[in-house]
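Biologist: Could you take a close look at one part of this model for me, the place where two helices pack against each other? Start with the chain as a whole if that helps, and finish wherever you like.

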Amino acid sequence: MSYKHQVAEKIASALVHLGVDSLTKENVYNMLETPPNPAMGDIAFPCFQLAKALRKAPPMIAAELTEQISGAPLKEVKAVGPYVNLFLDQEMVAQQVISTVLSQGKAYGDSDLGQGRNVPIDLSSPNIAKPFSMGHLRSTVIGNAIANIMEKQGYKPVRINHLGDWGTQFGKLIVAYKLWGDEEKVKAEPIKELLSLYIRFHEEAENDPSLEDQGREWFKKLEDGDTEAKHLWTWFRDESLKEFMKIYDLMNVSFDSTNGEAFYNDKMDRVVQLLEEKGLLTESDGAQVVTLDEYDMPPSLIKKSDGATLYATRDLAAALYRHETYDFAKAVYVVGNEQRLHFQQLYKVLEKMGYPWAANMYHIPFGMMLKDGKKMSTRKGKVVLLEEVLAQAIADVQKVIEEKNPSLANKEEVSRQVGVGAVIFHDLKNYRLNDINFSWEEMLTFEGETGPYVQYTHARACSLLRKGNYQPESQTSLAPGALDSKEAWAVVTLLNAFPDIVERAGDNFDPSLIGKYVIDLAQVFNKFYANIRILAEEEEIKASRLQLVAAVTTVLKEGLRLLGLAAPEEM
Ligand code: ARG
């Protein structure tokens, strides 16, 4: 239990003693403040809110409460006006925090909130035969981090790549390929070639509208299981997936399922039938819809007039499938903010169908990646290709390593870890709903609030441990006074905060809390390192300070891992 929780517990029972039993430990915990000046204590508890219940002035309450609170980890408790100011026994807290971190290792911060229950997480989900966009990058890194964080909370994440692999565009693509395609070219550069076929189709269709009809026909054939259509579609899908896999491998992201939209083809009739049975389908201009007027939402389109099912229908089928397959605690969809309405409609339709579990579904939206303040568009060739960004980032890191540490053993692997880390962290340090302006310069800086800065800090701490010949097995209690400095205390308090940060990040689906946290921890550690002697001290002091350093490496590494970044020990 963190020291803040210990203190909250003490205050809560003191309150019961005074006759207040309406505040839980958690309530008290959330009321705790940090005094503006450390001379006033480490923690403050304000008494304003209690005045009514106790019919006393807050300073009076503070004085009475102060009488009732004592014992470890507190050194002193003082009433100051309406506040109870609490002073920690910092040495004792430091000892507690450091031995907890070192004995638990990477399990530090774990909880069993999720009790092993499944959480399907819909993430990445690019559209095949199209380039992997920055939007899909966002979904991939945010979704992967959320999966890691929830796993740490005791859930069992199921990473699902809901590939966009079905729809009328594949009819068009088949027509374009049959007219102008070249097998060798597609094999060599599948995405690029398929995209240019798709673009050409639209250009030529402006003068020759019959192409659109052919496209529709071929999609119909595909839906009806025509061998040639199916064969081409499967090939496009496989080639695209191979290409996407290269990106996922670079980023070290993997999936438990790549069941995309097409996977639900044979599960659509059942959805439509269920909707019909429940009397939820209405006809509108020849199409079948579920009206959502009562929620002030436009109707959800289930079946087009030509009988084709839609994106929404597929998501309904997918939701039913996921509920049946995983019996989920929560179902998470990491998809851009543009699709907010789509998911609201989806949940409402499920609710109307009578499924209470729809309340456990969460759309986790994120903002756009902009370029020069505008949305990137595939059609206008305005996209920045993710592959290029990753390749550039890795090459840049390689150059820096070549200059600064040419004898590094595994240069290639480290360059990949750090280059990719820069790209991932650039996204995750921002609150997900904020738009991000793409800038080569920002993405490829390695100083300031960046992934490489945190990775470098971790590597520096590791090298300190090597130089100091730190022995993890021979942990001893801290030498008196060894960590008696504001620099060490700043590190200790942040180490102590990690489990709470993980909890908040998980509960709010917000990896940026971890991003900001690792930056903060790296910064306070670097201050400690700059101002406090470590290796040149006598043996016991040195050993104690190295234990703090070791605890920092453990937590930095784990924090980076949750975000999807590696933590090389040397760079
Ligand atoms: N392929 C879609 C797109 O790129 C995202 C799919 C999101 N997942 C879902 N279950 N709808 O816009």
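Modeller: Sure, with the chain first: among contacts between residues at least 6 apart in sequence, 73% join residues at least 24 apart. Keep in mind that this is a predicted model. The chain has 571 residues, and 41% of them are buried. Its secondary structure comes to 21 helices and 13 strands, and the C-alpha trace spans about 85 × 65 × 40 Å along its principal axes.

Now for the helix pair. Helix 16 runs over residues 411-428 and helix 18 over residues 451-467, with their axes 7 Å apart and an angle of about 130 degrees between them. That angle makes helix 16 oblique to helix 18, because roughly antiparallel would take an angle over 145 degrees. On the helix 16 side, Val418, Gly421, Ala422, Ile424 and Phe425 do the meeting, and their partners in helix 18 are Gly451, Pro452 and Gln455. Sorted by class, this contact holds five nonpolar and three polar residues, with no charged ones.

The shell around the ligand has another mix: three nonpolar, four polar and two charged residues. Asp122 and Asp315 are part of that shell, along with Ser125, Asn127, His162, Gly164, Ala318, Tyr333 and Val335.

Last, towards the start of the chain, an unreviewed UniProt entry annotates residues 5-88 as "domain: Arginyl tRNA synthetase N-terminal". In the model that stretch is 43% helix and 20% strand, and its end C-alpha atoms sit 13 Å apart.

How values were computed
Residues numbered from 1 in each chain as written. Predicted model: local features only at pLDDT ≥ 70, side-chain atom pairs only at ≥ 80, totals over all residues. Near = placed C-beta within 6 Å. Nonpolar A, V, L, I, M, F, W, Y, C, P; charged D, E, K, R; others polar. UniProt positions renumbered as here; feature names shortened; annotations may be inferred. Helix = DSSP H or I, 4+ residues; strand = E, 2+ residues; numbered from the N terminus. Axes fitted to C-alpha atoms, helices over the stretch in contact; angles between N-to-C directions. Parallel < 35°, antiparallel > 145°, perpendicular 65-115°, else oblique. Contact = placed C-beta atoms within 7 Å. Buried ≥ 20, exposed ≤ 12 C-beta atoms within 10 Å, placed from the backbone.
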